[in-house]
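Work through the exercises below with the sequence and the 3D view at hand. Try each task before reading its solution.

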Amino acid sequence: MNETRSKKIYRWLDDRLGLSTLFEFASHKTVPVHRYSVFYYLGGMTLFFFLVQVCTGILLMLYYRPSGEEAFESIEFIMTTVPFGWMIRSIHSWSANLMVFFAFCHMTTVYFVKAYRPPRELTWVSGALVFFLILGFGFSGYLLPWNQLAFSATKVGTDIAGVVPIVGPWMLRFLRGGDRVAGGTLSRFYGWHVAILPAITSVLLGLHLLPVQVKGMSVPPALEDEKKQGRPMKFFPNFAMRDMWAWILALGVLAALAALFPWELGDKADPFAPAYAHIRPEWYYVFMFQTLKLVPGGEILHVEYEAIPIMLFSLGGLLLLLVPFIDRGVVRRGKSPLFDVAGVLALIFIVAMTCWGYEWSLVPLWIVLGAAALLAIMAFVTRPPREPEGGGSGGSARTALITAAMVVLLGVAAANAFAAPPAKTSCIACHSSDMFDATAKAKVKTYADDVHAKIGLSCQDCHGGNPDPKLAEDMVSAMDSSYKPNPYVGKPDRAKMPEFCGRCHSSAAYMKKFNPSARVDVVSEYRTSMHGQQLAKGDPNVAMCIDCHGVHGILRKDNPASPVYPTHVAETCSRCHSDAKRMASYKDAYGRPLAVDQFERWKRSVHANAMFVKGDLTAPTCNTCHGNHGATPPGVESVSLICGQCHAREADLFAKTAKHDGFIKHNDFLATGATCQDCHEKIAPEVGASVRKFNECVTCHENHGVMRPTIALLGPLPAVPCAFCHEGTGPLAVSEPKARRDHYVQVRDALLSVAKKQHLQGDVLFDWMVEQAQVLSTHVVASDDGKKQLRPEFARLFDKFRIGKTHYSFVDPASGKTVTVAIRRCTNCHTDPSTTCGTTARNFVESMQQVTSASARAERVLLAARRGGVEVRTARAELDAAVDSEIELQTLIHTFSSGGQYATKQKEAIVHASAALDAGNTSLAEIAFRRRGLGAALGIIVLVLGGLALKIRQMNP
């Protein structure tokens, strides 16, 4: 009954679809069997990944929203809320990359086995076009998640297209849908990715597969004349089952990649955010991107240099498309060595530039060699028996390599624009002659860049004399002090230098000719400075105009080479203030010798780190606090106002505390000649002996050596800094898994054992442990340049949670010895832990440790979840809120109370950290579920593969 019904259904379908004709065709279709038969599977693998792309793409379209406002959130919804959405999205991304890889392998093997020979030219052309479209799929789909990396890469990629001569601007607007990458660009890319490109690709795939079915599969020329070839294999079911076996294997690989290495979402695109460092496109574009990076800037014949390699790559793609019509020798001789050499050179170039683009990583090379080795092994195993060929191969077996024609860079880069040299005068002509040594001649050379030379002033404007070039060899006439238009004055008197410069710089009528906003009060302000006051007393050794700005090579203050540029100000001041001999005769307000270690202390400060490491040119340096021309140390009462220019919140909180009023009363008491020891017998001697006044901010943070505030300022501290992250005293103190806890204890005890052998204890031990924590193998990772650096999550701990040392060191300019300075801490003054101040300091440390351990624990759990591929953006928001609350706690310390605002914010931080930890634990459970599912799926796939393999072995070729 069932058999009759099946026949009826088949007959009904056959009448309408011609199934019998298709089955008849499939039963007669064969596949050649030879040593390179393994290459036939590469096209099928590419087709498989394309079909996976289609299926997963359709599923993603159900939830994706192609707009700049909703695209990122829709992907996040797919990955976190839609059942198995994370897997579909990861499979889609991984299959896209594997499709490109196998398409490249397929084209490469077809090229070298000459499968483009007549009558298969159109098969090659259609296949090459499909390959180009696959690259287009990658470029258009890259932007669709609308994350920051894709946004920046798309901007760079479209910018490159825009440099093409004539059509570049049109191409740029066509790609972007406007003048910049925006929501319209996303909508345009989405249309190409899901409609235009798939439609064109489907047509081309049909044109590509049709000739293969009609003409059969090509056989390499070297094997066509072999007398003994294996019997051809039936396409159906023999070859089809082998193809199916490979497809199922690929499905298992995709499932493993999706579960173990899910595709990350990243951060949402922000048009105003800076591009990521070392940004690069997807791996299949890296060789072109790296080539463009090597091209210098400039243009020739109104064509940018960058456009030349772009046009060459386009020409290369066109030549690749036309290979069947260019390589006519393969028809006559069955081989084309010139094209073989060109193909090998192209492969070497692509692989080498890709490795270079990844900072000389050998991973791309190993992938290529691994793929080649795998194909070679399979080809060797599956090759049929072959008798030795008679006769010598002679010179016909190999052809001499033909040197590839390299493109010569056109022209010379445009010459840099240099400032015109100063006009020739008697001074310049004379001082450039051999009468003067190299040092004297250097003055003439440096003056060419002088700010005065830029506006047309020259030597005679300052020194006087006759500038007539004809007097270059007549020194008496050139330096005539009775020359009425401009008497020669020679070298100005150093003691009168401010007035000398002030002839111009104090004249509003003169300075406004060059700059309407130019200051004309610098000399009068200088007279109010410590330098100006000492000069007025007859001290010519104090700093004045030329000591800071220079003499003949004076540069604008915004010139990075200027000695008064922000990065050079401290060094310029240190020429005097770090000179022990020069400063020996000067005293401070208390009669003590002036210190000469300010610059060395400042170089270790948080301000110097902000300027030189973080590149913040607004970071405080000497003139920020002391002023420029009116350089004067700020008074004791105004220190908080100076610091409050940047740290306004801290200054405002401190001003409202009893500590502020107490400082005022203490200063009144100290003004009578009293010392700290008169009232506080237990105070640290180095503190009691040095305090003359309480300078508010400086009392705790110092002035020049302002260290990055850390928890070390409080105290008493735990025995080891590890406790702040791993040994919290709060509600999350025991939430660490046993295995992780045991590992921590093992590492900690090992470090303590080493420290004990070195006789380290107390603060020295604490600082040593901080150093070791920053070099532990579990805490560091190799950077792009190969150097070790803290992993981002641990760098965040040290930065945001303020875990630092109790000491810092510098070299004293006076003695040349290394000086170690202890961080000023609460316990330096509040030595009795039972007092209110001592209790408050202890509460600060304990509460900060609770928050730090809670946040650090949540950080580690979320890191494990993220590494496992779970999207944890929502949980990260809770953790960020906890970190923000802790940063707020660091500010609220300036209330000098562990209750009130501080206690409220501390509880808020714990709540956020607990929420982040709960979300992280849920994510870890999700990872465990995924891996169990992966294990079950792979088990089924292995069974299916094993069954197929047994069936294939039973079948005849």
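**Exercise 1. Secondary structure and confidence**

How many helices and how many strands does the secondary structure of the chain come to? State also how confident the predictor is.

Solution. Start with the count: the chain has 45 helices and 8 strands. Next, keep in mind that this is a predicted model. The mean pLDDT of the chain is 82, and 90% of the residues score at least 70. Then look for the weak stretch: over residues 381-421 pLDDT stays under 50. For this stretch the model has 27 contacts beyond four places in sequence. Where pLDDT is low, the predicted coordinates should not be read in detail.

**Exercise 2. Overall dimensions**

Compare the radius of gyration of the chain with that of a compact globule of 957 residues.

Solution. A compact globule of 957 residues would have a radius of gyration near 30 Å. The chain has 39 Å, so its value is above that of the globule by the rule of 2.2 Å times the number of residues to the power 0.38. Then take the principal axes, along which the C-alpha trace spans about 120 × 85 × 55 Å. Finally, turn to the contacts with a separation of 6 or more: 71% of them are between residues 24 or more positions apart.

**Exercise 3. Surface and charge**

Describe the accessible surface of the chain and the placement of its charges.

Solution. The accessible surface comes to about 53,400 Å², and carbon and sulfur atoms contribute 63% of this. Of the 957 residues, 39% count as buried. For the charges, take the mean position of the 98 positive ones and that of the 83 negative ones; these two points are 7 Å apart.

**Exercise 4. Two residues**

Is Q460 buried or exposed, and how does V520 count?

Solution. Locate Q460 first: it lies in helix α21, residues 459-463. Its relative accessible area is 15%. Buried means under 20%, so Q460 is buried. Leaving out residues up to four places away in sequence, Q460 touches T425, G465, P467 and N486.

Now locate V520, in the loop between α24 (508-511) and α25 (522-528). Its relative accessibility is 28%, which lies between the cut-offs of 20% and 50%, so V520 counts as partly exposed. With the same neighbours in sequence left out, V520 touches H505, S506, S507, A508 and M511. As a last step, compare V520 with C826: the two are 306 residues apart in sequence, and their C-alpha atoms are 47 Å apart in space.

Conventions:
Residues are numbered from 1 along each chain as its sequence is written. This is a predicted model: local features need pLDDT of at least 70, side-chain atom pairs count only at pLDDT 80 or more; totals for chains, interfaces and linings use all residues. Side-chain values use heavy atoms; hydrogens and water are left out. Helices (H or I, at least four residues) and strands (E, at least two) are DSSP runs, numbered from the N terminus. Buried means under 20% relative accessible area, exposed over 50%, partly exposed in between (1.4 Å probe, protein chains only). Contact means heavy atoms within 4.5 Å. pLDDT is the predictor's confidence in each residue, from 0 to 100. Accessible areas come from the Shrake-Rupley method with a 1.4 Å probe; for residues, only the protein chains shown count as cover. Lys and Arg count as positive and Asp and Glu as negative; His and the chain ends are not counted. The place of a charge is taken as NZ of Lys, CZ of Arg, CG of Asp or CD of Glu.
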